[in-house]
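Please open the structure in your viewer and keep the selection tool at hand, as this tour moves from one group of residues to the next.

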Amino acid sequence: RLAAAAGRDQDGFSQRSNQVDALEWWNFAEVRKATLGDAPVAPIVTQRMIALTSMPESCFLSQWRSGGCRLEAFNADQGLQDGLMFAEAFWSWSQWSAKWQEIQSGQCPGGSAVGCQTAALRSLKILFHGPKVYSQGQKEPSQAHPELRWPSWRSGLLQLRVIHQVSRLYDCLGESDLAIACADCGLELMERKLCGDCRWKLRFLCIRTRCAVSCFSDVTKEEHALQGIEDLWNRRIQGQPRIQLTTTCEGGPVEPVELDGTVSSPGMPWELLTLWANASSKQRRQGRLLRLLSQADEARLPSESVVLLIQLQMEDREDGELWTKTLQLLLKKISDHPSKAPFPRALCPALALLAQSLFNDLDGEGNRSWSLLKAAADLKQCCMVLSQPAQMIDIEVAPSLKSFLQVCAAALRGALFMGESAVARHCAQLLLRVEDVVRAASARPAKEEGTNLRERSPSRESGDIAFSRAQWKLCKQVVPCAFGMSLLFMTELRAMQRRLEKMDHWSALGRLGPGSTTSMLGVMAVEDICSGNWMAQLGSDMSLAWLQVDWKSSCLQISRTVDLDPARGAERLLSQRLPLRCQVLRGLQDELQQLHRSNSEKIKELWQRQDKKSEAVRLEFWRSRKGFDDQLGKLVEKIQKEVLGLGRFLLAPWPQSAAARQRVLDSLRSWLTNEAAEMAHGLRLNGQLDDPEQAEHVFLLALLLIEAENLEVAELLLVLGQLWDGSRSTLRRWAYSMRRHSADLRGSLKELNEALEVPLLLYVDGVMAQLPLEACPCLRQRNVVRGLAPSITLSSLASKPAAEATGFFVIDPAEDCAAMGDVKQLLTSWSSHGESWHGHTGKLPEPARVLEELCRKDVFVYLGHGERARQLLRHEKLQIAGEVAEENDSRRAAGLRSTLMLLGCSSVKIQGSMEGDIESFGLASSALLGGAPLVLGAQWDVLGGDLDKLASRLLQRWLKEGKTSCSRGGLLTALKDLRPKCLLPNLTGASLVCYGIPV
């Protein structure tokens with residue numbers, strides 16, 4: 001305990017020299033421990049791990065090299081019985097994993113961070129829901145072991161430590177809402193139990209403020225909270241050095257007081273130091289903190305301080321010597337790292353900041369030009385770095401594209417291993433922006449020389465083709481990481497929690513603790529994400545696409561898997577970046593919200609009229625509803641035109657049967673041979689269109705041919721011009737001929753009278769998910785289900801569908817929806833014919849009973865107010881519900897079984913920021929994290945009567961007499977066919993969307 005206390009006090013910039021070194025206490029403790037024999041008691045193993053975690057980074061690594069700090073495993077022979085001791089044991093392992101990351105092949109995304117949070121949550125459960133905590137004056141069951149007695153202040157301190165740890169890790173995993181809730185819990189605990197000092201309050205306040213904004217956003221937006229933190233540190237704690245987080249400080253400006261040997265001040269928490277660095281960088285007042293950090297002893301400087309040094313110098317590098325020194329320090333930490341030793345988690349954010357700095361240098365070189373062939377070679381090397389086994393690579397820092405790609409790929413891969421959600425998203429988006437920089441730079445020489453861009457040399461043609469294919473290969477590995485990272489990590493976390501739920505404490509410690517490899521295994525491996533190989537596991541019965549907004553570049557990234565050969569799986573990816581008009585998304589979102597607000601206000605106005613039951617009011621009601629429905633229809637067309645744009649052809653349906661696919665390829669071959677032979681020669685397409693290296697261009701042209709009839713000639717000109725720089729007359733001739741071939745192809749496909757398409761699994765970020773995409777003309781006739789994260793998809797597919805559907809329902813629990821008679825009558829009749837279906841009507845059942853049914857039944861139908869649904873289905877309960885899976889079932893750890901039909905107002909409404917910083921999808925994400933295969937619900941408020949009729953038809957179409965009806969095409973086909981048949985096809989039909997997998 002003394003070694004741990006000395007280690008915590010021995011930070012990277014403290015100048016106090018009268019302390020005993022943590023390493024001295026450690027060595028002394030190790031000598032004394034040796035006298036206890038080969039089986040030390042568990043409390044000493046716990047304290048040993050806490051001391052290792054608190055030890056300065058340089059001391060730990062030097063001890064690791066000498067073999068003096070290997071971790072010891074917990075076992076049942078160590079006599080640990082007390083609940084608080086178990087809680088501290090789980091917390092000690094959580095502390096270790098939060099600072100040091102074990103990296104090994106085959107581990108799940110998040111790695112030891114997932115195990116770390118699982119241990120912290122287990123500790124939290126013991127502390128707040130486990131055995132009673134006894135103080136020293138009370139009779140306790142452990143009187144035979146007086147050394148195990150805990151004073152009340154120590155148990156209170158452990159509670160604060162565990163809550164703090166859980167809050168920090170939720171922030172790391174990207175769940176800011178949960179992190180804020182835990183921080184609030186810590187503050188409330190301090191107030192109720194009067195435990196902890198002001199530094200604990202400071203830590204929780206810093207976490208709250210940091211989580212209020214994105215990791216890479218401006219923390220100065222939280223002005224009021226920052227002022228409170230300033231006052232707490234500068235005046236109540238009287239900490240040194242004094243800080244200034246805001247532009248104005250209460251009580252006048254802060255006078256800097258430098259540290260010296262006479263100043264006695266509590267150590268500054270890292271949360272406050274990070275907040276100070278963020279605020280200083282945004283306000284261009286980083287001088288004081290930069291001087292403080294740069295004067296520290298390099299040998300003792302932890303990786304967290306290196307992160308702050310890079311961050312403070314990114315925008316303004318006045319001191320080039322200090323910048324070079326900082327980079328050399330980072331590279332030295334990486335190169336000198338002992339083999340097989342765990343990595344400091346802070347190295348990953350440091351590499352991400354360095355990648356951002358290198359990208360800024362590339363983007364700022366306005367006069368530089370690059371060879372497309374050389375850029376393609378660098379992209380291929382980047383793909384290899386991402387796909388390498390679990391090991392840290394050699395980093396080279398230089399102002400070049402190759403160096404940036406190398407550093408950014410290492411940071412992205414490290415973020416996936418270490419569970420850094422914001423870092424992973426940021427690095428993936430940087431890699432996707434490379435295309436814009438390279439394309440702009442490669443065109444500059446021709447523009448400056450005044451040459452005609454249409455006159456292309458053979459080398460430039462091959463460079464364009466090579467760069468496009470290399471960029472698409474990189475997109476396959478990077479696009480799935482550009483959003484949904486928090487859900488990727490949370491899938492692994494909740495699955496691990498379910499696996500350990502019924503284990504005793506000793507078994508759980510053995511599964512999570514030192515020496516365990518099973519804690520690293522999960523739904524999928526990091527290597528599968530980094531290489532994109534996970535797509536091949538999905539089979540050929542669905543197409544994959546991604547829609548992601550890049551706010552920094554103001555563009556939409558549309559991506560689509562290449563589905564040419566179902567036998568080969570999704571081995572390749574197409575992607576296109578479409579520029580967005582300034583503020584178009586915010587404008588459309590505001591227009592959508594205003595439309596629904598006006599609709600609600602009109603309903604309220606008519607409902608409050610005294611003659612509300614008259615025929616005139618009824619006619620006015622439906623007239624206004626039809627008007628709002630028409631307005632929403634026009635807005636949907638606007639979304640397709642201004643957001644999806646010409647890139648919507650990448651979402652075109654792909655035939656399901658081999659005969660239909662062959663007709664598409666035959667038609668494309670005919671068009672290339674007879675109309676566009678020059679393009680076929682330039683793109684190096686052979687006559688049979690069967691070369692795997694040509695698959696991307698062949699599939700792109702095939703999708704364009706399928707959708708050409710629905711595209712304007714001007715849009716076809718733009719797409720064809722991106723593929724080949726022919727003359728305008730040539731491109732126009734190609735566009736008209738392609739439209740003719742497209743019309744002939746559609747007629748030919750109809751003659752086959754077969755299923756036209758496979759379902760589309762559409763991954764959407766938090767911005768695009770707020771829009772009624774399924775109502776757009778290009779997707780209106782498609783079977784679309786929305787995806788959130790690859791791990792959720794794989795976990796859902798691992799469950800086998802039932803041959804017969806069993807169901808549970810809750811209808812009108814508030815007893816105030818008289819218009820919901822159709823569904824009630826239908827489900828009541830089903831439940832009367834047998835035991836397959838049963839439920840509740842007119843009352844709200846116990847939430848625990850509903851969770852039990854969700855784990856046993858195939859379908860759950862809820863019809864009523866959306867607010868009641870949120871009361872019935874709590875987020876955390878949904879995420880970890882379910883029985884323990886079999887030991888050999890690593891992909892699907894039990895969980896929910898039911899397909900959820902949440903037919904209520906705003907039941908799957910997105911809860912997150914417009915800019916997508918918070919990846920929260922409400923009830924839909926919670927149910928999918930819990931294991932549900934699909935969630936159907938409404939995006940906004942809808943009319944109960946229209947929704948009831950739609951739901952009744954949908955259930956009858958999808959389920960016949962309560963049993964699965966496979967011949968009708970499934971739930972997605974039924975929903976697609978019934979949306980236009982609603983009284984209000986846009987207000988009601990377009991509101992219903994599906995998340996999960998096709999069922």
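Begin by selecting Val 41, which is partly exposed, with a relative accessible area of 41%, in a model that is predicted. You will find Val 41 in the loop between α2 (22–33) and α3 (42–54). Now add Leu 36 and Ile 44 to the selection, and you will have a nonpolar patch on the surface, formed by these two together with Val 41, with about 230 Å² of accessible area together.

Next, turn to the cysteines. How many disulfides does the count come to? The count comes to zero disulfides. Select Cys 185, which is in no disulfide, and look for the nearest cysteine sulfur, that of Cys 182, which is 6.8 Å away. Because a disulfide is a pair of cysteine sulfur atoms within 2.5 Å, that distance does not qualify. Cys 185 counts as partly exposed, at 34% relative accessibility. Then select Cys 427, which is likewise in no disulfide, the nearest cysteine sulfur being that of Cys 408, 4.4 Å away. Cys 427 is buried, with a relative accessible area of 0%.

The aromatic rings come next, and the structure holds 15 aromatic pairs. Select Trp 534 and Trp 546, whose ring centres are 6.4 Å apart and whose planes stand at 90 degrees, so that the pair is edge-to-face. This pair links distant parts of the chain, with Trp 534 in the loop between α23 (526–531) and β3 (543–550) and Trp 546 in strand β3, 12 residues apart. Trp 534 is buried, with a relative accessible area of 0%, and Trp 546 is buried as well, with a relative accessible area of 2%.

Move on to Phe 808 and Phe 860, which form a stacked aromatic pair, with 6.0 Å from centre to centre and 15 degrees between the planes. Since Phe 808 lies in strand β8 (residues 807–811) and Phe 860 in strand β10 (residues 859–863), the pair ties together parts that are 52 residues apart in sequence. Are these two residues, Phe 808 and Phe 860, buried or exposed? Both of them are buried. To see a group of rings rather than a pair, select Phe 60, Trp 64, Trp 96 and Trp 100, which form one aromatic cluster.

Some rings have a charged partner. Select Trp 200 together with Arg 203, and you will see that Arg 203 lies over the face of Trp 200, at 4.6 Å from the ring centre. Then select Phe 621 and Arg 625, where the charged end of Arg 625 sits over the ring of Phe 621, 4.9 Å from its centre.

Salt bridges are the next topic. Side chains of opposite charge can pair when their charged atoms come close. The count in this structure comes to 33 salt bridges. Select Arg 192 and Glu 188, which form a salt bridge with their closest N and O atoms 2.7 Å apart. Because they are four residues apart in helix α8 (residues 176–193), Arg 192 and Glu 188 are separated by about one helical turn. Arg 192 is exposed, with a relative accessible area of 67%, whereas Glu 188 counts as partly exposed, at 38%.

Go on to Glu 853 and Arg 856, whose salt bridge has its closest N and O atoms 2.8 Å apart. These residues are three residues apart in helix α33 (residues 847–856), and are therefore separated by about one helical turn. Glu 853 is buried, with a relative accessible area of 2%, while Arg 856 is partly exposed, with a relative accessible area of 46%.

Now select Glu 620 and Arg 609, which form a salt bridge with the closest N and O atoms 3.0 Å apart. Glu 620 lies in helix α25 (residues 615–644) and Arg 609 in the loop between α24 (584–607) and α25, so the pair ties together parts that are 11 residues apart in sequence. Add Lys 602, Glu 605 and Asp 611 to the selection, and the network of salt bridges that links them with Arg 609 and Glu 620 comes into view.

For the last stop, select Ile 910, which lies in the loop between β11 (899–903) and α36 (922–929). Ile 910 is buried, with a relative accessible area of 12%. Add Gln 770, which is 140 residues from Ile 910 in sequence and 6.2 Å from it in space, C-alpha to C-alpha.

Methods:
Residues are numbered from 1 along each chain as its sequence is written. This is a predicted model: local features need pLDDT of at least 70, side-chain atom pairs count only at pLDDT 80 or more; totals for chains, interfaces and linings use all residues. Side-chain values use heavy atoms; hydrogens and water are left out. Patches are made of residues with over 30% relative accessible area and no salt bridge: like charges are joined within 9 Å, nonpolar side chains (Val, Leu, Ile, Met, Phe, Trp, Tyr) within 5 Å. Accessible areas come from the Shrake-Rupley method with a 1.4 Å probe; for residues, only the protein chains shown count as cover. A salt bridge is a side-chain nitrogen of Lys or Arg within 4 Å of a carboxyl oxygen of Asp or Glu. Helices (H or I, at least four residues) and strands (E, at least two) are DSSP runs, numbered from the N terminus. Buried means under 20% relative accessible area, exposed over 50%, partly exposed in between (1.4 Å probe, protein chains only). Rings of Phe, Tyr and Trp (its six-membered ring) pair if their centres lie within 6.5 Å; planes under 30 degrees apart count as stacked, over 60 as edge-to-face and the rest as tilted. A charge sits over a ring if NZ of Lys or CZ of Arg is within 6 Å of the ring centre and within 35 degrees of the ring normal.
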